[in-house]
Amino acid sequence: MSLAIYHKRRKFTKTPEPKGLVASKNKKRFVVQEHHASHLHWDFRLELEGVLKSWAVPKGVPTKEGVKHLAVQVEDHPVEYINFHGIIPKGQYGAGKVLIWDKGTFKLLEQTPKSIKVLLRGKKLKGVFVLFKFQPQNWFLFKTSLTAR
Ligand code: MN
């Protein structure tokens, strides 16, 4: 895993976002950040492989079963980003306000190159969620019922 793209896109003298390193520990946390960038979206991030695997979800994480929302995979973020909220200044990458919409821990139920299934234990998001890749960067994110595993 690498944070090269994350680091390349940001000027850490100008943004309050953390620089961060690839972590050696995994606390299996997740966060959803509401990001008031040029287009409002929600960033869904899972702590996996020493980084936060990240998706931008234009319509937000669906809380009802059977509703699929597009989730566009974006660059890996450092695990330190899990607590980030604040204002990314004008002119900087992703400029705008970032709020923590939900956070918690997860259990990884399944991971293949094309799908990730997690049990989320957040304040707002609880239950089994699936990310399903259908194009190189485009995934569907949806809630599903708990299956025996
Ligand atoms: Mn974002």
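In the predicted model, histidine 35 has a relative accessibility of 7% and therefore counts as buried, the cut-off for this class being under 20% relative accessible area. This residue takes part in a metal site, in which the manganese ion is coordinated by His35 through ND1, by His41 through NE2 and by Asp43 through OD, at 2.1 to 2.3 Å. Along the sequence, the donor residues of the manganese ion follow the spacing H-x5-H-x1-D. Histidine 41, with a relative accessibility of 14%, likewise falls under the 20% limit and so counts as buried.

A further buried position is provided by glutamate 17, which is placed in the loop between α1 (4-9) and β1 (29-36) and whose relative accessibility of 3% puts this residue in the buried class. The side chain of glutamate 17 is engaged in a polar contact of 2.7 Å with the side chain of threonine 15, and in another, at 2.5 Å, with the side chain of tyrosine 81. When neighbours within four places in sequence are left aside, the residues in contact with glutamate 17 are Tyr6, Arg10, Phe12, Tyr81, Phe84, Ile88 and Tyr93. Tyr81 thus appears in this list of contacts and is also the partner in the polar contact of 2.5 Å.

The loop between α1 and β1 also holds lysine 28, a residue that is not a glycine and yet has a positive phi of about 50°. At 38% relative accessibility, lysine 28 counts as partly exposed, whereas glutamate 17, located in that loop as well, is buried at 3%. A positive phi is likewise found at glutamate 49, where the angle is near 55° in a residue other than glycine. Glutamate 49 belongs to the loop between β2 (40-48) and β3 (51-57), and its relative accessible area of 40% makes this residue partly exposed.

With regard to the surface, Leu70, Phe132 and Phe134 together make a nonpolar patch of about 250 Å². Of these residues, phenylalanine 134 is situated in the loop between β8 (126-133) and β9 (138-144). The relative accessibility of phenylalanine 134 is 35%, and this residue therefore counts as partly exposed; the value also satisfies the requirement of over 30% relative accessible area that applies to members of a patch.

Key. Residues are numbered from 1 along each chain as its sequence is written. This is a predicted model: local features need pLDDT of at least 70, side-chain atom pairs count only at pLDDT 80 or more; totals for chains, interfaces and linings use all residues. Side-chain values use heavy atoms; hydrogens and water are left out. Helices (H or I, at least four residues) and strands (E, at least two) are DSSP runs, numbered from the N terminus. Buried means under 20% relative accessible area, exposed over 50%, partly exposed in between (1.4 Å probe, protein chains only). A polar contact is a pair of N or O atoms within 3.5 Å; within protein, one must be able to donate a hydrogen and the other to accept it, and residues adjacent in sequence count only if both atoms are side-chain atoms. Contact means heavy atoms within 4.5 Å. Patches are made of residues with over 30% relative accessible area and no salt bridge: like charges are joined within 9 Å, nonpolar side chains (Val, Leu, Ile, Met, Phe, Trp, Tyr) within 5 Å. Accessible areas come from the Shrake-Rupley method with a 1.4 Å probe; for residues, only the protein chains shown count as cover. A salt bridge is a side-chain nitrogen of Lys or Arg within 4 Å of a carboxyl oxygen of Asp or Glu. Donors are N, O and S atoms within 2.8 Å of the metal (3.2 Å for Na, K and Ca); water is not among the atoms, so sites may look incomplete.
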